[in-house]
Amino acid sequence: MRALATWSGAIAGLLLIVAGGLIPASIPFPEAAGWSLRPLGITLQVPALLLTALVAGPRSALLAAVAYLSVGLFQLPVFQEGGGIGYLLDPGFGYLAGFIPAAWVTGRLARQRDMDDPLALTGAAVVGLLVLHLCGLLNLLLGALAGRWGSTLLPLLLGYGLALLPQLLLCCAAGLLAWLLRRLLLVPS
């Protein structure tokens, strides 16, 4: 029964991550005539991964992350600019590879005691996001040491680093949504 729950969580997580990669993140913003949506410049892919880990746990999230990377590296266009083995040489691949440890860490933290409130789940999502960004930063720095990025390291660091701010905001949404889903799905705390 546990294996079925793990695999069904992994499949749901994979579908959620793929769908999240297609949806641009926006935030409601008040205006004189009412409310409008302002784009954040990122997709819902990372929050989908973190939500999977918070709700389904470390095993399901890890399997979903590995499946997502495998699908993308085998030519299916699920990454931002498509897919294929060439992504291994892309500066952003460290962030994609960071899905794996981020999924595991977030899922493990979400299974600890006293994880029955949105603030604790948000904290677990933030830790997972930081792990993901640490992997991406490490890839960028190692690539720079190997001479892969040339003089573009600073723009790469700024570009990927600026994505952290809206993703931190979305961690709050993931924590709250995970708390609601865990109650609805009767996920043990």
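**View A. Helix 1, helix 2 and helix 3 (58–73) meet at the second largest pocket.** Each of these three helices supplies at least two residues of the lining of the second largest pocket. The model you are looking at is a predicted one. In this view, the second largest pocket has a volume of about 400 Å³. Its lining is made up of 15 residues, and R2, A56, G57, P58 and R111 are the ones that lie nearest the centre. Sorted by class, the lining of this second largest pocket has seven nonpolar, four polar and four charged residues.

**View B. The largest pocket has a volume of about 600 Å³.** Here 24 residues form the lining, and T43, Q45, Q80, Y95 and Y160 lie nearest the centre of the largest pocket. Which elements each supply at least two residues of this lining? They are helix 1 (2–22), strand 2 (34–43), helix 2 (45–56), helix 4 (93–97), helix 6 (118–145) and helix 7 (153–162). Strand 2 gives the most to the lining of the largest pocket, with three residues. By class, you will find 13 nonpolar, nine polar and two charged residues in the lining of the largest pocket.

**View C. The largest nonpolar core has 40 residues.** A general point helps to set the scene: in soluble globular proteins, nonpolar side chains tend to be buried together. If you would like good places to begin in this core, try L49, L54, Y68, F79, L96 and F99, the residues that touch the most other members. The elements that give two or more residues to this core are helix 1, helix 2, helix 3, helix 4, helix 5 (99–110), helix 6, helix 7 and helix 8 (164–184). Which helix provides the largest share of this core? Helix 2 does, with eight residues.

**View D. F99 sits among contacts from distant parts of the sequence.** Setting aside neighbours within four places in sequence, F99 is in contact with I17, Q45, V46, L49, A65, Y68 and L132. Two of these partners, L49 and Y68, are listed with F99 among the residues that touch the most other members of the largest nonpolar core. Another partner, Q45, is one of the residues nearest the centre of the largest pocket.

**View E. L69 is a buried residue of helix 3.** L69 has its place in helix 3. Is L69 buried or exposed? L69 counts as buried because its relative accessible area is 7%, and the cut-off for that label is under 20%. Not counting residues up to four places away in sequence, L69 touches F79, F93, L96, A97 and I100. For one of these partners, F79, the C-alpha atoms of the pair are 8.7 Å apart in space, while L69 and F79 are ten residues apart in sequence.

**View F. T6 of helix 1 touches R59, S60 and L63.** T6 lies in helix 1. With a relative accessibility of 14%, T6 counts as buried. Residues up to four places away in sequence are not counted in the list of what T6 touches, namely R59, S60 and L63.

**View G. Q75 is an exposed residue in a loop.** Look for Q75 in the loop between helix 3 and helix 4. Q75 counts as exposed because its relative accessible area is 56%, with over 50% as the cut-off. Phi of Q75 is near 75°, a positive value in a residue other than glycine. Leaving aside neighbours within four places in sequence, Q75 is in contact with G83, G84 and I85. The C-alpha atoms of Q75 and L177 are separated by 32 Å, and these two residues are 102 residues apart along the chain.

**View H. Cysteines without disulfides.** How many disulfides does a search of the whole structure find? The search finds zero. C135 is in no disulfide, and the nearest cysteine sulfur, that of C171, is 15 Å away. C171 is in no disulfide either, and here the nearest cysteine sulfur, that of C172, is 7.0 Å away. For comparison, a pair of cysteine sulfur atoms must lie within 2.5 Å to count as a disulfide. C135 counts as partly exposed, at 26% relative accessibility. C171 counts as buried, at 1% relative accessibility.

Notes: Residues are numbered from 1 along each chain as its sequence is written. This is a predicted model: local features need pLDDT of at least 70, side-chain atom pairs count only at pLDDT 80 or more; totals for chains, interfaces and linings use all residues. Side-chain values use heavy atoms; hydrogens and water are left out. On a 1 Å grid over the protein atoms alone, a cavity is a set of points where a 1.4 Å probe fits but cannot get out, and a pocket is an open set with protein on both sides within 12 Å along at least five of seven lines; lining residues have an atom within 4 Å of a point. Grid points are joined across faces, edges and corners, and a volume is the space filled by probe spheres set on the points. Helices (H or I, at least four residues) and strands (E, at least two) are DSSP runs, numbered from the N terminus. Ala, Val, Leu, Ile, Met, Phe, Trp, Tyr, Cys and Pro count as nonpolar, Asp, Glu, Lys and Arg as charged, and the others, Gly among them, as polar. Buried means under 20% relative accessible area, exposed over 50%, partly exposed in between (1.4 Å probe, protein chains only). A nonpolar core is a set of buried Ala, Val, Leu, Ile, Met, Phe, Trp, Tyr and Cys residues joined through side-chain atoms within 4.5 Å. Contact means heavy atoms within 4.5 Å.
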